[in-house]
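Could you take me on a walk through this structure, one selection at a time? I have it open in a viewer and would like to know what to click on next.

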Amino acid sequence: MKPLKAPSPQAWVEAVLADFDAFLLDHAAAEKKASGMAMQMVSHYPDKPELVKEMIDLALEEMSHFRQVAQIIYQRGLQLGADAKDPYVLNLRKLIRKYSGNGPDIYFLDRLLIGSVIEARGCERFGRIAEALPAGHELKGFYNAIARSESEHEGLFYQLALKYFEQEMVEARHDALLNAERDIMLALPIRPILH
C-alpha cells in the first residue's frame with residue numbers, strides 16, 4: 001500500500017485551529033457519512049460475506065465516532081448542523097469507473113480503493129491536528145486515536161481490494177487514484193473542514 005502523494009498544506013492546519021468549532025461540526029458529519037457509506041456497501045454486495053461483516057463493523061465504529069464527536073460538540077455549546085456536500089469526496093467519486101459486465105468489476109474495485117484513499121487522507125489530517133494541538137489539550141489524545149482508527153480503515157479497504165482482485169491490478173489503480181487525490185486535495189480551497 002503506497003502513501004499519499006502530498007501532505008495537507010500547513011495553511012489547512014492553521015485554518016482548523018483558528019475555527020475548531022467549524023471543524024468539529026464537519027468532522028461529525030464526516031463520521032455519519034462514513035457509517036452510511038459502509039452500510040451502502042452491505043446493501044450493494046450482500047453476496048460477499050467477508051465484506052458484509054467488515055462493513056457492518058466499520059459502520060458501527062464510525063457511528064461510535066460520530067457519537068463521540070457529537071458529545072464534544074454539545075459540551076462546547078454547539079449544535080449539529082445539516083450535512084453539506086463534500087467536494088473532495090464528490091470529485092473522488094467521479095473517478096469511479098462503470099462496470100461493463102465484461103471482466104473484473106472495476107466499479108467495485110474503485111469503490112474499495114477510493115475508500116482506502118479517503119481513510120488515508122483522514123488519518124493524515126487527524127494526525128496533523130493531534131500533533132498541532134498543545135500538550136495537555138483535551139482533544140489531543142482523541143485525535144491521535146481517531147488517526148489510528150483511520151489508518152486501520154485505510155488498510156481494511158486495501159486488503160479487501162486484494163481479496164477480490166489481482167495484486168497488480170490493485171496496485172496500479174491505487175497509484176492512479178493517489179495521484180488524482182493529490183490533485184483534487186491541492187485544488188480545493190483552504191477551509192476548516194476535514195476535506
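## Start with α5

Select helix α5 and look at what surrounds it: this helix is mostly covered, with 22 of its 27 residues buried. The model you are looking at is a predicted one. Now pick the two ends of α5, which runs over residues 106–132. At 1.5 Å a residue, its 27 residues should span 39 Å, and the end C-alpha atoms are indeed 39 Å apart, so expectation and model agree.

## Zoom out to the whole chain

Next, show the chain as a cartoon. You will find seven helices and zero strands; read from the N terminus, the order of elements is α-α-α-α-α-α-α.

How does the radius of gyration of the chain fit that of a compact globule? For 195 residues, such a globule would have a value near 16 Å, and the chain has 17 Å, so the two agree. Along the principal axes, the C-alpha atoms fill a box of roughly 55 × 30 × 30 Å.

Try colouring by burial: buried residues account for 48% of the 195 in the chain. If you draw contacts between residues at least 6 apart in sequence, 81% of them join residues at least 24 apart.

Switch to a surface view for a moment. The accessible surface comes to about 9,700 Å², and carbon and sulfur atoms hold 54% of that area. Colouring by charge brings up 23 positive and 28 negative side chains, with the centres of the two sets 4 Å apart.

## Select Lys48

Go to the loop between α2 (20–44) and α3 (49–75), where Lys48 sits. Is Lys48 buried or exposed? Its relative accessibility is 18%, and buried means under 20%, so Lys48 counts as buried. Show the side chains around Lys48: setting aside neighbours within four places in sequence, Lys48 is in contact with Phe108 and Tyr164. Phe108 brings you back to α5, since that helix covers residues 106–132.

## Finish at Pro9

Now move to the segment before α1 (10–18), where Pro9 is found. With 26% relative accessibility, Pro9 counts as partly exposed. Which residues does Pro9 touch, not counting those up to four places away in sequence? They are Arg125, Arg128, Met185, Leu186 and Ile190.

For a last step, use the distance tool on the C-alpha atoms of Pro9 and Ala145: these residues are 136 apart along the chain, and the two atoms are separated by 22 Å.

Technical notes: Residues are numbered from 1 along each chain as its sequence is written. This is a predicted model: local features need pLDDT of at least 70, side-chain atom pairs count only at pLDDT 80 or more; totals for chains, interfaces and linings use all residues. Side-chain values use heavy atoms; hydrogens and water are left out. Helices (H or I, at least four residues) and strands (E, at least two) are DSSP runs, numbered from the N terminus. The radius of gyration is taken over C-alpha atoms; the globule rule is 2.2 Å times the number of residues to the power 0.38. Buried means under 20% relative accessible area, exposed over 50%, partly exposed in between (1.4 Å probe, protein chains only). Contact means heavy atoms within 4.5 Å. Accessible areas come from the Shrake-Rupley method with a 1.4 Å probe; for residues, only the protein chains shown count as cover. Lys and Arg count as positive and Asp and Glu as negative; His and the chain ends are not counted. The place of a charge is taken as NZ of Lys, CZ of Arg, CG of Asp or CD of Glu. The expected span of a helix is 1.5 Å times one less than its number of residues.
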